[in-house]
Amino acid sequence: MTAAQPDAVDPAVYRLAMGRFASGVAVVTARLRGHDVALTVDSLTSVSLDPVLLLVSLHPEARVLEAVEDGSPLGVSVLSSRQRWVAQWLGEVGRPLHDQLGRVPHHHGAATGTALVDDALATFECRTVDVREAGDHHLVLGEVLGLEARPTDTGALVHYRGRLGELR
């Protein structure tokens, strides 16, 4: 399948082509009206080292986005291959509004107090710098205020061609 002109790009073909770009899988968290909210993402990007910034893309109906727009810090937990079930649970449409992390082992970070998944490959605590609409998503730019990346030999959870897998 080939798209000849930019204005002729079929979103389904675009999605298929982007599915061939392997990406890591992370959980993004925030606090909304006294409750931890979370969702699985595969759109996490390092933006800058000075200052230290990262970017995540969120659907406009995501509770995490609502929390961030209300001023909540943002947490990011990069998942290991052993945490596939966490990615699946927090990526499930229609999960409960409250206690989304109730079945997920987690702790609250020292820098911002935001929820972080236990035993993640890396975690980041961020202050939101900017939120921009970008097509059918919002881009959230976060300044990293705290992070943890312990040594591990555990493989990473990756998203490729619409499936979750492991990268060692």
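## The S9–S10 hairpin

Let's start at a turn: in the hairpin that S9 and S10 make, two residues sit between the strands, and one residue there, Gly135, takes a positive phi near 65°. Keep in mind that this is a predicted model.

The two arms are strand S9, residues 122-134, and S10, and they pair in the antiparallel sense over eleven bridges. One spot to look at along this pairing is Glu125, which stands opposite Gly146 in S10.

## S10 and its other partner

S10 covers residues 137-148, and it also pairs with strand S5 (residues 52-58), again in the antiparallel sense, here over six bridges. If you want a place to find this pairing in the viewer, go to Leu58: its bridge partner in S10 is His138.

## A closer look at Gly146

Back to Gly146, which lies in strand S10. Is Gly146 buried or exposed? Its relative accessible area is 14%, so Gly146 counts as buried, the cut-off being under 20%.

Leaving out residues up to four places away in sequence, Gly146 touches Ala111, Thr123, Phe124 and Glu125. Glu125 is thus a name you've met already, as the residue standing opposite Gly146. As for Gly113, this residue is 33 residues from Gly146 in sequence, while the C-alpha to C-alpha gap in space is 10 Å.

## The largest pocket

Now for the pockets. The largest pocket comes in at a volume of about 1,800 Å³. Which residues lie nearest its centre? They are Arg15, Thr40, Asp42, Ser43 and His137, out of a lining of 47 residues.

Plenty of elements chip in. Each of the following gives at least two residues to the lining of the largest pocket: helices H1 (11-18), H2 (63-69) and H3 (84-90), along with strands S3 (35-41), S4 (44-49), S5, S10 and S12 (163-167). So the paired strands S5 and S10 both turn up in this list. By class, the lining of the largest pocket holds 22 nonpolar, 15 polar and ten charged residues.

## The second largest pocket

The second largest pocket has a volume of about 160 Å³. Its lining is made up of Ser80, Arg82, Gln83, Asp119, Ala120, Leu121, Arg150, Pro151, Thr152 and Thr154.

How many residues of each class does this lining have? In the second largest pocket, three are nonpolar, four are polar and three are charged.

Notes:
Residues are numbered from 1 along each chain as its sequence is written. This is a predicted model: local features need pLDDT of at least 70, side-chain atom pairs count only at pLDDT 80 or more; totals for chains, interfaces and linings use all residues. Side-chain values use heavy atoms; hydrogens and water are left out. Two strands pair if DSSP finds at least two bridges between them. Helices (H or I, at least four residues) and strands (E, at least two) are DSSP runs, numbered from the N terminus. On a 1 Å grid over the protein atoms alone, a cavity is a set of points where a 1.4 Å probe fits but cannot get out, and a pocket is an open set with protein on both sides within 12 Å along at least five of seven lines; lining residues have an atom within 4 Å of a point. Grid points are joined across faces, edges and corners, and a volume is the space filled by probe spheres set on the points. Ala, Val, Leu, Ile, Met, Phe, Trp, Tyr, Cys and Pro count as nonpolar, Asp, Glu, Lys and Arg as charged, and the others, Gly among them, as polar. Buried means under 20% relative accessible area, exposed over 50%, partly exposed in between (1.4 Å probe, protein chains only). Contact means heavy atoms within 4.5 Å.
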